[in-house]
Amino acid sequence: MVEKAKYIWLDGKFIPWAEAQVHIMTHTLHYGLGVFEGIRAYRCQDGRTAIFRLREHIRRLFDSAHVMQIDIPFSRSLIEEVCCDLLRRNGQASAYLRPLVFVGEGVMGLHPQNNPIRVALISWVWGTYLGEEGLKKGIRAKISSFSRHHVNVMMTKAKTTANYVNSILAKREATALGYDEALLLDIDGYVAEASGENIFIVSDGVLRTPPITSVLSGITRASILTMAQDLGIPVKEEIFSRDELYLANEAFLTGTAAEVTPIREVDGRVIGPGKPGPITLKLQTAFFDVVLGQDPRYRDWLTYI
Ligand code: PMP
């Protein structure tokens, strides 16, 4: 259960959590046209709270809306400010922030031209997404029988609510079979991403991740690519098949919710030694140093509230 916070910001106002209700005729509830973000704020080592890559997340929110032809009736800077303000008002030192843009009530059907565009900002305390143990020892993943969206079927660069039905189908299938997470292949059969994370593998010392053609352009992914390059780790953005994944020395997932989570097994094949490998551990440690404000090189990735 999500732990209730004091306030939610809805359509320009802070209102009590329990009052943030919508009507059943809300268009997005019926047809799934909406865009959202997931952002984390961390309580840093010095006791202050910082939001990780807030600007990039809000930019992606507006980019998603652009792709989906939704005009957000607020400016990017206002949304950024409200994210900080919401955490302060909710007294949350570390939390997950969820901006959600959705189509309100008006006409029904598939052409909601003048329905109001509504914006909510929600924050709640959310622990490790794939479990503390998963973060430390690695998770078990399963290649899904569901493919990732084809780029001309859904807009994979847009973090749109409707895209996540595909993720839910995959996640349900994997967890029902006793796995922690689902990995989806693209329509050509190459490894794309997990249900809510990007994927990396290490093969012979090279860090590899699929190009963003059919996957979400993850902000954690981009951060890990920069940090790896700065650490002198060779990096390649290239497609790879599931057997290359089975044969990888290391594998891990990246995402705002999942952070940097090692993969120890895929489809019953142990990955490398079956525990987080050296490059994974190095990047995971570097990631937590950055988000906790311990690495001055990446200071401008943090917005202190
Ligand atoms: N892929 C999908 C499908 C996701 O939902 C997410 C989470 N937003 C990611 C990748 C990782 O993106 P980010 O690092 O920006 O959270």
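Buried means under 20% relative accessible area. Keep that cut-off in mind, because it tells us how to read Tyr-179: with a relative accessible area of 14%, Tyr-179 is buried. One caution before we go on: this is a predicted model.

Let's stay with Tyr-179 for a moment. It sits in a loop, between helix H5 (164-176) and strand E9 (181-185). What does Tyr-179 contact, leaving aside its neighbours within four places in sequence? The list is Arg-140, Ala-141, Lys-142, Ala-174, Glu-265, Asp-267 and Gly-268. Take Lys-142 from that list. Along the chain, Lys-142 and Tyr-179 are 37 residues apart. In space, their C-alpha atoms are separated by 6.4 Å.

Now the overall layout. The domain assignment gives two ranges: domain 1 covers 7-124, and domain 2 covers 132-291. On the contact side, 22 residues come from domain 1 and 20 residues from domain 2. How far apart are the centres of domain 1 and domain 2? Taken over C-alpha atoms, 26 Å separate them.

Next, the ligand. How many residues surround it? The count is 17. The closest are Tyr-164, Glu-193, Ile-219, Thr-220 and Thr-256. By character, the shell divides into 3 nonpolar, 9 polar and 5 charged residues. Three elements each supply at least two residues of that shell: helix H2 (54-67), helix H6 (219-230) and strand E14 (250-255).

Look at the oxygen atoms of the ligand. Thr-256 places a polar side-chain atom 2.6 Å from a ligand oxygen. Ile-219 uses its backbone: an N or O atom there lies 2.7 Å from an oxygen of the ligand. Arg-60 brings in a polar side-chain atom, 2.8 Å from a ligand oxygen. And how much of the ligand does the protein cover? On its own, the ligand has 380 Å² of accessible area, and the protein covers 95% of that.

On to some single residues. Start with Thr-28, in helix H1 (residues 27-31). Why does Thr-28 count as buried? Because its relative accessibility is 12%. The Thr-28 side chain reaches the backbone oxygen of Leu-33, at 2.8 Å. Neighbours within four places in sequence aside, Thr-28 is in contact with Leu-33, Gly-34, Phe-102, Val-103 and Thr-161.

Phe-102 turns up again in the next case. Ala-120 touches Trp-9, Leu-10, Arg-98, Pro-99, Leu-100 and Phe-102, not counting residues up to four places away in sequence. Ala-120 belongs to strand E7 (residues 117-124). Its relative accessible area is 5%, so Ala-120 is buried. Pick out Leu-10 as a partner. Ala-120 and Leu-10 are 110 residues apart along the chain, yet their C-alpha atoms are separated by 4.4 Å.

Then Ala-192. Find it in strand E10 (residues 191-194). Buried or exposed? Ala-192 counts as buried, because its relative accessibility is 2%. What does Ala-192 touch, not counting residues up to four places away in sequence? Arg-148, Leu-184, Leu-185, Asp-186, Ile-199, Pro-210, Ser-214 and Val-215. Glu-132 is another matter. Ala-192 and Glu-132 are 60 residues apart in sequence, and 25 Å apart in space, C-alpha to C-alpha.

Last, two residues with a backbone angle to check. Asp-204 is not a glycine, although its phi is positive, at about 50°. Where is Asp-204? In the loop between strand E11 (198-203) and strand E12 (206-209). Asp-204 has 73% relative accessibility, so it counts as exposed.

Glu-259 also has a positive phi, about 55°, although it is not a glycine. Glu-259 is found in strand E15 (residues 259-266). Its relative accessibility is 5%, so Glu-259 counts as buried. Put the pair side by side on screen: Asp-204 is exposed, whereas Glu-259 is buried.

To recap. Domain 1 and domain 2 have centres 26 Å apart, over C-alpha atoms. The ligand has 17 residues around it. The protein covers 95% of the ligand's own accessible area of 380 Å². And Tyr-179, where we began, is a buried residue in a loop.

How values were computed:
Residues numbered from 1 in each chain as written. Predicted model: local features only at pLDDT ≥ 70, side-chain atom pairs only at ≥ 80, totals over all residues. Heavy atoms only, no water. Near = heavy atom within 4 Å. Polar contact = N/O pair within 3.5 Å; in protein donor to acceptor, adjacent residues only side chain to side chain. Areas by Shrake-Rupley, 256 points an atom, 1.4 Å probe, with all protein chains shown as cover. Helix = DSSP H or I, 4+ residues; strand = E, 2+ residues; numbered from the N terminus. Nonpolar A, V, L, I, M, F, W, Y, C, P; charged D, E, K, R; others polar. Buried < 20%, exposed > 50% of the residue type's maximum accessible area, 1.4 Å probe, protein only. Contact = heavy atoms within 4.5 Å. Domains from an automatic or database assignment.
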